[in-house]
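These are my notes from a session of looking things up in one model. I began with the overall fold and its confidence, and then turned to the cores and a helix.

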Amino acid sequence: MRAIRLICLAGVIAFVATSLALCSAQEPMPDELQVRAAIVVNLVRFITFKSNRDEMHGPLHICLLGYDQQSSALENYLSAHSVDGRPFQVRRVSSSERFDECQVLYMSSTERHHFDGLYASLIEAGVLTISDDPAFATSGGIIGLPVIGDRIEIQINLACAEQSGIAISSRLLGVAKVIRKVAGK
Amino acid sequence: MIKSVITSIAAIVVLGCCSQSNAQNGALPDLSALNLEQLTRIEVNTASRRDQSLFETPAAVYVITHEELMRSGATSVPEALRMVPGIEVAQIDANKWAVSARGFNSRFANKMLIMIDGRSIYNPVYSGTLWDQNDLLIEDIDRIEIVRGPGATMWGANAVNGVINIVTSKPRASDRTLSVLHGGNIDEVASERVSFASSNLVRSRIYARYVRHRDLLSIDNASAGDGGTSERIGGRLDWHASNRDQLTFQANLFRNPEQQRICFGYSPSEFTYSKIYGAGGFAMGKWERKFGTSDLALQGYFTDEHRNEIGMKLDMRVADIDFQHHINTGSGNDIVWGTGFRWTSDKVLGQQAYFTHSDHLVSLFSAFMQDSYPLLPAKLTLTAGSKVQWNSYTNFEWQPRVSLIWTPDSTQALWGAMSRAVRTPSDQDRDVQFLYPMGEADAMPLFGLISGNPGLKSEIVIAEEVGYRRRFAKWFSADLAGFLNRYSDLQATYLGEPYLLPGPPAGLVQPFEYVNGFSAHAQGVEASIGWTPVASVRVLGSYAWMQARLHKHGDVMVQPSGGQDWSTPRNTFDVRAHWSATRTWSINAALNGNSTVPSSLNIPIAVVAGHTRFDMRVTHSFGEGLEFAVGGTNLLRSSHQEFYPEDYTLNAFVPRGLYLSLNWAR
């Protein structure tokens with residue numbers, strides 16, 4: 001028993017000794033919700049909406065469906081930022097509304113059960129749909145922003161974007177994971 | 001075996017060092033200055049999302065975060081639990097703790113379910129948690145979730161008074177090789193953790209931890225001879241197999257050689273030293289899959305444990321498999337259902353203490369379903385569900401819960417719940433035979449004989465709870481909960497007629513038999529606050545008041561048996577503050593205490609006076625991940641008693657403690 005204890009201690013000492021050479025500082029980690037909000041602000045630069053959906057000037061209309069911490073973080077972040085001089089106009093919507101006024105619809109993952117029912121009208125209205133739901137881009141949404149590993153991944157369903165008449169710049173596609181599967185809707 | 005594992009760990013150390021990820025320095029980056037590519041490369045902290053779901057939970061929940069755990073300087077989980085309102089924590093001796101929520105505290109607090117990453121560490125043979133055998137690397141704990149009150153609907157039997165789930169962190173890209181050295185007059189800790197990542201999708205770590213608990217004090221300030229060590233190695237691997245699939249594997253091996261002072265017959269001066277030896281390990285796998293509107297989890301684990309205490313040798317194997325499915329239907333119903341099997345096979349051998357059946361094979365089958373339905377969307381939610389369990393001893397048990405939560409806005413929540421939960425009898429309750437000397441009577445040796453009872457039924461609680469929590473501002477939040485618990489069929493010891501044991505030497509035997517002998521009414525309130533007066537100061541406060549009345553069933557000669565007594569102070573409080581004085585210096589201070597711990601044992605040492613503890617810790621960060629701390633525990637008094645000898649273990653006195661610790665992440 002004494003021998004096993006000594007071996008264990010020797011093991012611990014070995015760990016310390018072998019890893020002495022490497023040094024690096026710990027970094028503070030930004031909050032998931034804030035990073036995702038920053039990604040949303042950034043990515044709309046690379047979107048070209050249907051011609052009848054964007055006056056190219058004036059505010060960008062962002063609708064938020066569902067109440068959770070992400071939507072609150074987005075609301076705060078968007079109201080303090082703009083894209084190329086265009087401010088964001090943020091509006092809370094409910095699932096029973098029409099989305100004609102929305103260029104972007106951010107769906108909280110708590111609202112995912114509503115998506116199937118809204119899918120057709122969103123495509124028709126040419127709304128850019130975004131959600132943090134991990135299965136969003138594979139089940140008919142245009143942009144999914146799930147946490148994969150410990151980073152946020154941008155997932156884009158190109159087929160759905162095309163159906164909605166939304167063009168996505170190749171610069172955005174370059175940093176995103178493209179989902180080629182066409183949702184069976 | 002241990003040797004080969006250590007050799008392989010040493011080999012992996014080298015690999016781990018080679019796979020260190022890029023170092024980044026400094027404070028939080030300005031997100032608006034980053035481009036998309038940079039944003040997708042940032043490692044993110046997902047904690048705030050979890051806080052929200054806890055805020056909306058219709059139960060008395062409390063979470064100790066990783067940060068709070070590290071600041072406390074705790075070297076064990078029970079120590080950290082002192083900060084939780086409504087949790088009674090008492091150190092019995094150097095290696096033993098009594099931890100319970102809402103009363104009935106004991107070393108074998110048998111109405112508390114403790115889990116690590118969803119793996120139950122409740123010992124089904126002795127009913128209760130052996131904290132010494134379930135030590136873990138404190139630095140790997142992501143959070144400790146505490147639910148006070150019944151959690152049986154989701155978690156199953158024995159979650160009568162509360163559930164504690166210790167959640168270890170996922171291996172992350174930012175994890176460094178970590179070395180921890182801690183030394184003081186109470187305990188010494190040496191831990192090493194090595195993390196390595198073969199890609200963004202596969203991450204793993206391995207660790208080794210050695211803890212030496214020094215002897216505490218006896219009543220006359222001499223050494224209590226109750227020290228011991230805890231040695232363990234283990235690891236975890238997480239594989240993000242696909243967008244939808246996450247796989248986790250964990251395993252560990254441990255051994256715990258310890259000593260304790262034991263005495264029988266309530267004469268603490270006549271103690272003897274007795275060795276304890278525990279060893280074992282576990283392996284566990286978990287698969288989680290996400291679908292469009294649902295997710296499922298499948299988990300299995302196997303544990304193999306050995307324990308030798310007071311000459312009773314236990315060998316226990318547990319195999320458990322659990323399936324859980326969570327589905328969000330279009331109609332607003334949020335349904336969780338699941339099913340599980342558990343096989344426990346154990347062998348208990350002993351002489352002075354033994355079991356009438358040495359071998360047991362106990363099967364347990366369970367199924368549960370719970371549905372949350374928004375009566376008013378985002379405002380009022382009704383949750384109802386039940387667990388149905390079948391076990392080899394008491395057959396079917398049902399454990400339902402109904403709750404209602406009202407969240408008028410995102411800053412406040414009012415909830416109420418009613419539930420039923422059971423504590424099923426253990427092998428020991430049914431089978432134990434324990435003959436021990438109790439002194440003398442009528443000039444003859446007197447022996448006590450504790451006998452198990454195979455006819456025991458489950459203990460039952462019907463619990464009613466209400467709670468209110470509110471975030472008054474970003475810098476101040478409060479949580480209040482109240483409960484009324486009605487227990488029936490609580491286990492007691494029946495004092496039988498003494499009889500003559502034919503010699504030689506002749507003696508008198510006082511039989512004690514376990515029966516379902518009393519009921520109880522318990523009520524209490526628990527409050528906690530979180531306050532951030534200025535950005536650099538965080539204050540946490542908690543207070544609990546509770547009491548119980550125990551009623552005997554009829555006019556039988558019963559008394560609460562060891563481990564079945566209320567043993568819970570009426571008042572418990574904890575106030576702690578953390579001050580980040582400068583970028584490199586921080587101070588943590590905690591003041592906590594409780595009033596008298598009541599006991600139905602009528603002996604002087606069973607009277608545990610109230611006490612107040614003051615702990616303090618000063619931390620200095622040298623940068624480069626190197627942190628140094630100096631701390632003191634129990635600074636107000638030279639020593640104090642926290643619990644009484646409820647069974648054969650003689651309690652020790654906790655002395656003032658001083659320590660230095662070094663934490664190096666690189």
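**Chain B as a whole**

I first looked up the secondary structure of chain B, which comes to seven helices and 36 strands; I keep in mind throughout that this is a predicted model.

I then checked the overall dimensions, and the C-alpha trace of chain B spans about 90 × 55 × 50 Å along its principal axes. For 666 residues a compact globule would have a radius of gyration near 26 Å, and because chain B has 25 Å, I note that the two agree. Of those 666 residues in chain B, 45% are buried. I also looked at how far apart in sequence the contacting residues are: of the contacts in chain B between residues at least 6 apart, 63% join residues at least 24 apart.

**Confidence**

I looked up the scores for the model, which are ipTM 0.80 and pTM 0.83. Chain B has an average pLDDT of 88, with 93% of its residues scoring at least 70. Residues 1-26 of chain B I marked separately, since their pLDDT stays under 50; the model has 44 contacts beyond four places in sequence for this stretch.

**Nonpolar cores**

Next I asked which residues have the most contacts inside the largest nonpolar core. This core has 96 residues, and the ones I was looking for are B:Ala80, B:Val99, B:Leu113, B:Ile144 and B:Ile146. I followed B:Leu113 further and, leaving aside its neighbours within four places in sequence, found it in contact with B:Ser120, B:Tyr122, B:Gly151, B:Trp155, B:Asn158, B:Ala159 and B:Val163. There is also a second, separate core of 52 residues, and I noted that it includes A:Val41, A:Leu43 and A:Ile156 from chain A together with B:Leu39 from chain B.

**Helix H4 of chain A**

I finished with helix H4 of chain A, residues 112-125, and compared its length with expectation. At 1.5 Å a residue its 14 residues should span 20 Å, and its end C-alpha atoms are 19 Å apart, which agrees. I nevertheless recorded a bend in H4(A) of about 60° at A:Leu118.

A:Leu118 is also one of the buried residues of this helix, the others being A:Arg112, A:His114, A:Phe115 and A:Leu122. What do the buried residues of H4(A) pack against? I found strand E5 (104-107) and strand E6 (128-131) of chain A, together with strand E15 (312-328) of chain B. Just after H4(A), I noted that A:Gly126 takes a positive phi of about 70°.

Notes
Residues are numbered from 1 along each chain as its sequence is written. Chains are lettered from A and ligands numbered from 1 in the order in which they are written. This is a predicted model: local features need pLDDT of at least 70, side-chain atom pairs count only at pLDDT 80 or more; totals for chains, interfaces and linings use all residues. Helices (H or I, at least four residues) and strands (E, at least two) are DSSP runs, numbered from the N terminus. The radius of gyration is taken over C-alpha atoms; the globule rule is 2.2 Å times the number of residues to the power 0.38. A residue is buried if 20 or more other C-beta atoms lie within 10 Å of its own, exposed if 12 or fewer, and partly exposed in between; C-beta atoms are placed from the backbone. Two residues are in contact if their C-beta atoms, placed from the backbone, lie within 7 Å. A nonpolar core is a set of buried Ala, Val, Leu, Ile, Met, Phe, Trp, Tyr and Cys residues joined through C-beta atoms within 7 Å. pLDDT is the predictor's confidence in each residue, from 0 to 100. The expected span of a helix is 1.5 Å times one less than its number of residues. The bend at a residue is the angle between axes fitted to the seven residues ending there and the seven starting there.
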